[in-house]
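Here is my note for you, as a set of numbered points to read beside the model. I hope it makes a pleasant companion while you turn the view around.

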Amino acid sequence: MLKARRCVHEMREYHSPLSSATIDLRLDMNESTTGCSPRVLAKLNSMDARTLALYPRREPGEKLVAEFMGVAAEHILLTNGADEGIDLLCRAYLEPGSEIVVVTPTFAMYEVFAQTEDAKVVRVPAGPEFSFPIRGVLDAITPQTRIIVICNPNNPTGLSVARSSIMKVIEAAPDAAILLDEAYFDFYGQTMMDQIGKLPNLFIARTFSKAYGLAGLRLGVMAGDKEQISVLRRMVSPFNVNAFAMECLAEALADREFVNTYVAQVRAGREWLQSELEQLHFKCWPSQANFVLCRLGNAKKAILEALRARGIALRDRPDCEGCARITVGKQHEMERLIAELKQVLATISTAPQVAR
């Protein structure tokens with residue numbers, strides 16, 4: 001009988017949390033509810049049959065992204081979403097018995113890709129109020145440590161990690177790949193990209209799914225030391241990035257006004273949403289991303305189900321007790337959420353007690 005590898009057979013199947021067709025306000029996937037730049041849309045509409053008939057070239061896009069990020073092209077690899085870059089990193093540096101260190105709670109796919117390589121996942125719990133546990137991470141480093149992941153800002157908390165802490169981890173594990181996931185960089189504004197080419201074990205993952213509103217095109221970036229990026233190039237499919245993404249990349253990068261306006265909208269909406277939730281006696285954490293982590297308490301299940309019945313999806317986070325993650329949308333969408341939430345709370349008799 002045909003059997004998959006033991007590590008794959010023992011993995012839990014990952015089910016996409018995408019909302020059903022009855023949901024008209026998706027605030028559960030950290031997508032942009034604004035959409036992409038009009039310039040990107042115009043480029044899509046102008047694509048011809050010949051372009052779609054040819055395999056896309058990744059290299060011109062890597063040169064564009066490298067110039068935009070201020071590094072040499074040999075330090076950049078374009079990927080099919082940031083997920084592919086993370087997968088490539090795990091395939092390149094993990095093997096059975098080796099270790100990957102992750103701070104929990106965080107993005108689930110780090111563990112999924114690591115388990116595919118039959119590696120040991122070393123989970124370091126976040127500190128008080130989900131703070132970055134620098135001492136715990138340093139103590140978790142062993143001779144078997146091959147990858148250490150730092151998501152900055154972190155998903156699902158939205159909290160940032162100090163540059164000094166990141167440097168301590170990099171220096172403490174020279175034989176491990178340090179993956180700095182900067183998926184939400186645009187909303188935070190701080191990066192370690194200036195260290196690419198200087199620190200041989202640093203990798204930075206970026207995505208065009210969030211601030212650029214291009215989640216559907218699946219375009220990501222992995223930056224790193226040129227020698228290490230060359231390792232990933234040996235493994236990646238030659239045509240891993242689709243023609244739609246490659247054709248639209250230049251317009252996406254060029255339309256800074258669109259991205260800046262969207263980021264400003266998210267930052268303002270984030271503060272407004274957090275204030276409104278706190279007025280309802282829900283605890284929130286100070287986010288640097290395009291979402292807010294909110295503790296709904298014991299009524300979480302009832303609240304989420306009631307909102308779904310009203311066409312609004314929030315992301316349940318069972319790894320954060322009593323919490324849900326809420327994507328920051330346009331102002332009128334946030335106002336709708338709060339209005340609907342207030343109506344839901346009015347129907348839950350225990351809400352005043354459980355919400356605090």
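1. Which residues does Pro56 touch, not counting residues up to four places away in sequence? Keep in mind while looking that this is a predicted model. The residues in contact with Pro56 are Phe239, Val241, Asn242, Ala243 and Met246. Pro56 itself sits in the loop between helix H3 (49-53) and H4. With a relative accessible area of 15%, below the 20% cut-off, Pro56 counts as buried. If you would like a distance for orientation, Pro56 and Gln265 are 34 Å apart from C-alpha to C-alpha, with their positions 209 residues apart in sequence.

2. Next, the helix that follows that loop. Helix H4 spans residues 59-69, and its buried residues are Gly61, Glu62, Val65, Ala66 and Met69. Around the axis they take up an arc of only 135°, so they lie on the same side of H4. Lys63 and Glu67 are exposed, on the face of H4 turned away from the buried side. Please note that a glutamate appears in each set: Glu62 is buried, whereas Glu67 is exposed.

3. What covers the buried residues of H4? The cover includes three strands, S2 (76-79), S7 (202-207) and S8 (220-224), together with helices H10 (226-235) and H11 (243-254). Just after H4 comes Gly70, where phi is positive at about 80°.

4. A few backbone details deserve your eye. As background, most peptide bonds are trans, and most residues other than glycine have a negative phi. Two cis bonds can be found here. One is the peptide bond from Thr104 to Pro105, with omega near 5°; Pro105 belongs to the loop between strand S3 (99-104) and helix H6 (109-116). Another is the bond from Asn155 to Pro156, where omega is near 25°. Pro156 is in the loop that runs between strand S5 (145-151) and helix H8 (163-172).

5. Positive phi values also turn up in residues that are not glycine. Glu129 has phi near 55° and is located in the loop between strand S4 (120-125) and helix H7 (134-140). Its relative accessibility is 48%, so Glu129 counts as partly exposed. For Arg218, phi is positive too, at about 55°. Arg218 lies in the loop between S7 and S8, and its relative accessible area of 28% makes it partly exposed.

6. Stepping back to the whole chain, the model has 15 helices and 12 strands. The radius of gyration is 21 Å, close to the 21 Å that the globule rule gives for 356 residues, so the chain is as compact as a globular protein of that length. Along the principal axes, the C-alpha atoms fill a box of roughly 60 × 55 × 50 Å. Of the 356 residues, 53% are buried. Among contacts between residues at least 6 apart in sequence, 72% join residues at least 24 apart.

7. Finally, the surface and the charges. The accessible surface comes to about 16,300 Å², and carbon and sulfur atoms account for 52% of it. Where do the charged side chains balance out? The chain carries 41 positive and 42 negative side chains, and the centres of the two sets lie 1 Å apart.

Key: Residues are numbered from 1 along each chain as its sequence is written. This is a predicted model: local features need pLDDT of at least 70, side-chain atom pairs count only at pLDDT 80 or more; totals for chains, interfaces and linings use all residues. Side-chain values use heavy atoms; hydrogens and water are left out. Helices (H or I, at least four residues) and strands (E, at least two) are DSSP runs, numbered from the N terminus. The radius of gyration is taken over C-alpha atoms; the globule rule is 2.2 Å times the number of residues to the power 0.38. Buried means under 20% relative accessible area, exposed over 50%, partly exposed in between (1.4 Å probe, protein chains only). Contact means heavy atoms within 4.5 Å. Accessible areas come from the Shrake-Rupley method with a 1.4 Å probe; for residues, only the protein chains shown count as cover. Lys and Arg count as positive and Asp and Glu as negative; His and the chain ends are not counted. The place of a charge is taken as NZ of Lys, CZ of Arg, CG of Asp or CD of Glu. The arc is that of the directions from the helix axis to the C-beta atoms.
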